[in-house]
Amino acid sequence: MRRALITALVVTAALLLGAPPAAAHPMPHSVVLLDVHETSVTARLELPSADLDLARRGEPVRTYLAAHIRPLSTDGRAWTVTVGEVAVGSAEQTSTGPYQEITATATLTPPAGGDLRHFTLGYDVIVHRVVTHTVLVSVRRDWAGGRLSSSSAQVGTIQIDNRTMTVPALRVDLGDGSRWSGLLAMVELGAEHILQGTDHLLFLLILLLPAPLLAAGGRWSGSGGPRSTVARIARTTLAFTIGHSAALAVSASTHLDLPAWPVESFIAASILVGAVHAVRPIFPGREAAVAAFFGLGHGLAFSFTLAELRLSTGRLALSLFGFNLGIELVQLALVALALPVLVAVARTRFGHRFRLTAAALTGVAAAGWLIARLGRPNPVASVADSVGTHPTVLLTALVGAAAAAVLILTRRSAATRTRHG
């Protein structure tokens, strides 16, 4: 019996000493995302449902949130807090498993003369009862501060002070804002939008693909010469610019609320039409008019980006200019790179095959997009979308092709002068 008891104690001690230390399961934290507007700040709240239920103890969610969000101006005056609709969904954070999440939007409005960019955020939602809880506060959009991208910038963290067992307010300092910062941010946003909008660029490029060629007998034939090629490309590009700029201005200024799927489907259909035209001329000589017409749909798609910013009339006008400027700068740069490639390829014996291959690939991608945007997801659309996530690779390839095309055209021109000299 003694030996058995000693053996049991030794085994138990070995198991205890060899066991890994117990670790508490990581709990999800709260997230507060701030969107800074001209006269107010919108806070998107992302709250773990279980912790929120424990903290509010049966109190209505909107009432509870309004009582525990207390922003103050630098002079101590209280802001007005209005809590909007509340929704329930699923979420998952790093190191946590899936959990139920409550999302809500609170509008924070400063008193007359209050500084919108410098204030104190009194916030103890959940934290006042769940002492281990943490709140991450970040700025998502700030037009005057030049922040419009999807990535947020962290402002600070809210958690309980273990020494005083109180929840200190967070001092929010957004720095100085200006119209110039907003304008530059909109130019950058427009440039990013066109670079990442594979469908917009593909439509323009596929429409320009047969620009160096002449239409005869329902087919594309020989080259029309550098001057006519440049003129056709310039007219088509300008018409596309006018079309999408007009639609963008009208839809954004009138706050036209359209569902996304018909607009996105229209864009996919425009690319498909362009691909067919690149194979067989269906509207020869009228590329500019077609570009302007389809440009209207592309402009409506651009307006979705501006609508998310909820800009005032003055900021909207400046933003329209900056956003369009960013789009056009990138668009012109890409057309300038594509021009020598199109001219050089059209003069080679591989030009016909290149055009048909490019048109076929574009047509397949456009068909995949159209089917997906009509409610049928498919792998073709997924692959086409993934191409747009690597704009650097595409730009590098285009620059390389443009450099090679310029070299080829220069050598041919020199050879021609030598023969005639």
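Glu328 is buried yet forms no salt bridge, and Arg235, the nearest side chain of opposite charge, is 16 Å away. The model described here is predicted. Its protein chain contains twelve helices and eleven strands, and buried residues account for 42% of its 421 residues. Among the contacts in the chain with a separation of 6 or more, 73% are between residues 24 or more positions apart.

**Glu328 and its surroundings**

- The helix that carries Glu328 is H9, which covers residues 313-346.
- Leaving aside residues up to four places away in sequence, Glu328 touches Thr241, His244 and Ser245.
- A salt bridge requires a side-chain nitrogen of Lys or Arg within 4 Å of a carboxyl oxygen of Asp or Glu. For Glu328, the nearest candidate of opposite charge is Arg235, at 16 Å.

**Nonpolar cores**

- The largest nonpolar core has 36 residues. The members that touch the most other members are Leu47, Leu65, Ile69, Leu108, Leu121, Tyr123 and Val125.
- Leu108, one of these residues, has contacts with Ser40, Val41, Ala43, Ile69, Pro71, Trp79, Thr80, Val81 and Leu121, when residues up to four places away in sequence are not counted.
- A second core, separate from the largest one, has 29 residues, including Phe240, Ile271, Ala301 and Ala381.

**The six-stranded sheet**

- This open sheet has the strand order S4-S5-S2-S1-S7-S8, with mixed pairing.
- Its edges are formed by strand S4 (80-91) and strand S8 (153-158), each of which pairs on one side only.
- On average, neighbouring strands of this sheet are turned by 20 degrees against each other, direction ignored.
- Helix H2, residues 49-56, packs on the sheet and touches strand S2 (41-48) and strand S5 (99-109). The direction of H2 makes about 95 degrees with that of S2.

**Strand pairs within the six-stranded sheet**

- S4 and S5 are antiparallel and pair over ten bridges. In this pair, Val83 stands opposite Ala106 in S5.
- S2 and S5 also run antiparallel, joined by eight bridges. Here Glu46 stands opposite Thr103 in S5.
- Strand S7 (residues 135-142) pairs with S8 in the antiparallel sense, over five bridges. Opposite Val139 stands Ala153 in S8.

**The three-stranded sheet**

- A further open sheet consists of three strands in the order S3-S6-S9, and its pairing is antiparallel.
- Strand S3 (69-73) and strand S9 (170-173) each have a single partner strand, so one side of each is left without a neighbour in the sheet.
- Neighbouring strands of this three-stranded sheet are turned by 25 degrees against each other on average, direction ignored.
- S3 and strand S6 (residues 118-123) run antiparallel and are joined by five bridges. Leu72 has Thr120 in S6 as its bridge partner.

**Links between the sheets and the largest core**

- Leu108 lies within the residue range of S5 (99-109) and is among the core members that touch the most others.
- Leu47 belongs to the group of members with the most core contacts, and S2 spans residues 41-48.
- Leu121 and Tyr123 are in that group as well, and S6 covers residues 118-123.
- Ile69 is another member of the group, and S3 runs over residues 69-73. Leu108 touches both Ile69 and Leu121.

Key. Residues numbered from 1 in each chain as written. Predicted model: local features only at pLDDT ≥ 70, side-chain atom pairs only at ≥ 80, totals over all residues. Heavy atoms only, no water. Core = buried A, V, L, I, M, F, W, Y, C linked by side-chain atoms within 4.5 Å. Buried < 20%, exposed > 50% of the residue type's maximum accessible area, 1.4 Å probe, protein only. Contact = heavy atoms within 4.5 Å. Pairing = 2+ DSSP bridges. Helix = DSSP H or I, 4+ residues; strand = E, 2+ residues; numbered from the N terminus. Axes fitted to C-alpha atoms, helices over the stretch in contact; angles between N-to-C directions. Lys, Arg positive; Asp, Glu negative; His and termini not counted.
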